[in-house]
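User: Hi, I'm new to this one. Can you walk me through it?
Analyst: Sure, here it is.

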Amino acid sequence: MPVADRNPLLDGLPAYPLLIVISGPSGVGKDSILNRMRELKVPFHFVVTATDRPMRAGERDGYDYHFVTTERFREMISQGELIEWARVYGHYKGIPASEVRDALASGRDVVLRIDVQGAATVRRLAPEAVLIFVAPGSLDELRARLVQRRTENNTEIDRRLSVAQQEMEALDAFDYIVLNRADRLDDAVAQIQAIVAAEKLRVHPRHVVL
Ligand SMILES: Nc1ncnc2c1ncn2[C@@H]1O[C@H](COP(=O)(O)OP(=O)(O)OP(=O)(O)O)[C@@H](O)[C@H]1O
Ligand SMILES: Nc1nc2c(ncn2[C@@H]2O[C@H](COP(=O)(O)O)[C@@H](O)[C@H]2O)c(=O)[nH]1
């Protein structure tokens with residue numbers, strides 16, 4: 001909810017931009033949810049993370065990821081350009097610090113889409129971040145999504161499903177859970193918007209310092 005739409009009774013209470021982390025197992029639909037929010041022109045700053053993995057068909061540099069070489073990624077690490085980075089399924093992934101800080105400084109709510117280990121790191125760095133765990137209706141549903149996406153082979157899909165089971169155990173570290181049920185993407189989007197709307201009504205708002 002833009003600050004201008006707040007209840008006037010909240011005038012005088014501080015309003016800070018939110019840092020919203022969308023996480024959950026591979027294939028659960030994080031990107032699909034965020035792409036739908038972008039289509040709907042939800043007024044968030046969607047952070048584009050960096051990776052050295054090859055671009056998939058249909059992906060766009062600067063939109064899905066900043067696709068960089070492994071050498072450039074290592075330079076970003078050594079130059080302190082990343083808030084968080086990790087090896088995820090064999091490739092580097094990391095969050096550009098300047099993008100997050102600039103967006104927060106401009107007063108916009110910032111959305112990050114990262115894996116579960118990355119969410120734990122962001123929690124340590126920014127305890128006031130809003131952590132949302134996106135879960136599938138079932139592991140069978142998750143498998144079906146990974147299979148139909150056709151970006152991983154069967155061995156890799158099995159690996160991601162096995163990691164997914166461990167990731168579900170990290171749920172306790174999150175603030176919210178959103179179910180992305182089969183063919184109900186818009187419900188998941190609406191639930192995330194409802195979470196953000198509720199966060200905007202907090203008497204003691206979260207204040208992220210990064
Ligand atoms: N609610 C849904 N019902 C059916 N299919 C879905 C749903 N949400 C996403 N999908 C499909 O599931 C596949 C995986 O989705 P997506 O790539 O968005 O997942 P992800 O969580 O971003 O994965 P990764 O972590 O590996 O990047 C895609 O083919 C997508 O179209
Ligand atoms: N810890 C981080 N995880 C990230 C980051 N950017 C993306 N991701 C996550 O990686 C996996 C695999 O992604 P894929 O596009 O290769 O399938 C997925 O869970 C992403 O959300 C990041 O900067 N840090």
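Analyst: Start at ligand 2: one of its nitrogen atoms sits 2.9 Å from an N or O atom in the side chain of Thr-49. Keep in mind that this is a predicted model.

User: What does Arg-53 do with an oxygen atom of ligand 2?
Analyst: An N or O atom in the Arg-53 side chain is 2.7 Å from that oxygen atom. Gly-94 has a polar contact too, through its backbone: an N or O atom there lies 3.2 Å from an oxygen atom of ligand 2.

User: How much of ligand 2 does the protein cover?
Analyst: It covers 97%. On its own, ligand 2 has 510 Å² of accessible area.

User: Which elements give two or more residues to that shell?
Analyst: Strands β5 and β6.

User: And which residues come nearest to ligand 2?
Analyst: There are 16 residues around ligand 2, and the nearest are Arg-53, Tyr-65, Glu-84, Lys-93 and Asp-115.

User: How does the shell around ligand 2 split by class?
Analyst: Eight residues are charged, five are nonpolar and three are polar.

User: OK, over to ligand 1. Which residues are closest there?
Analyst: Ser-26, Lys-30, Ser-32, Gln-148 and Asp-183. In total, 18 residues surround ligand 1.

User: What are the distances to its oxygen atoms?
Analyst: Here are three. A polar side-chain atom of Ser-32 lies 2.6 Å from an oxygen atom of ligand 1. For Asp-31, a backbone N or O atom is 2.9 Å from an oxygen atom of the ligand. For Gly-29, a backbone N or O atom is 3.0 Å from one.

User: How much of ligand 1 is buried by the protein?
Analyst: The protein buries 80% of the 640 Å² that ligand 1 exposes when taken alone.

User: Which elements give two or more residues to the shell here?
Analyst: Two helices: α1, residues 30-39, and α5, residues 139-149.

User: And the classes around ligand 1?
Analyst: Eight charged, six polar and four nonpolar residues.

User: New topic: helix α4. Which of its residues are buried?
Analyst: Helix α4 spans residues 116-125, and its buried residues are Val-116, Gly-118, Ala-119 and Val-122.

User: Why do they end up on the same side of α4?
Analyst: Because they cover an arc of only 150° around the axis.

User: What do those buried residues pack against?
Analyst: Five strands and a helix are listed: β1 (19-23), β5 (82-88), β6 (91-96), β7 (110-113), β8 (130-136) and α6 (154-168). Strands β5 and β6 came up earlier, in the shell around ligand 2.

Key
Residues numbered from 1 in each chain as written. Chains lettered and ligands numbered in written order. Predicted model: local features only at pLDDT ≥ 70, side-chain atom pairs only at ≥ 80, totals over all residues. Heavy atoms only, no water. Near = heavy atom within 4 Å. Polar contact = N/O pair within 3.5 Å; in protein donor to acceptor, adjacent residues only side chain to side chain. Areas by Shrake-Rupley, 256 points an atom, 1.4 Å probe, with all protein chains shown as cover. Helix = DSSP H or I, 4+ residues; strand = E, 2+ residues; numbered from the N terminus. Nonpolar A, V, L, I, M, F, W, Y, C, P; charged D, E, K, R; others polar. Buried < 20%, exposed > 50% of the residue type's maximum accessible area, 1.4 Å probe, protein only. Arc of directions from axis to C-beta. Contact = heavy atoms within 4.5 Å.
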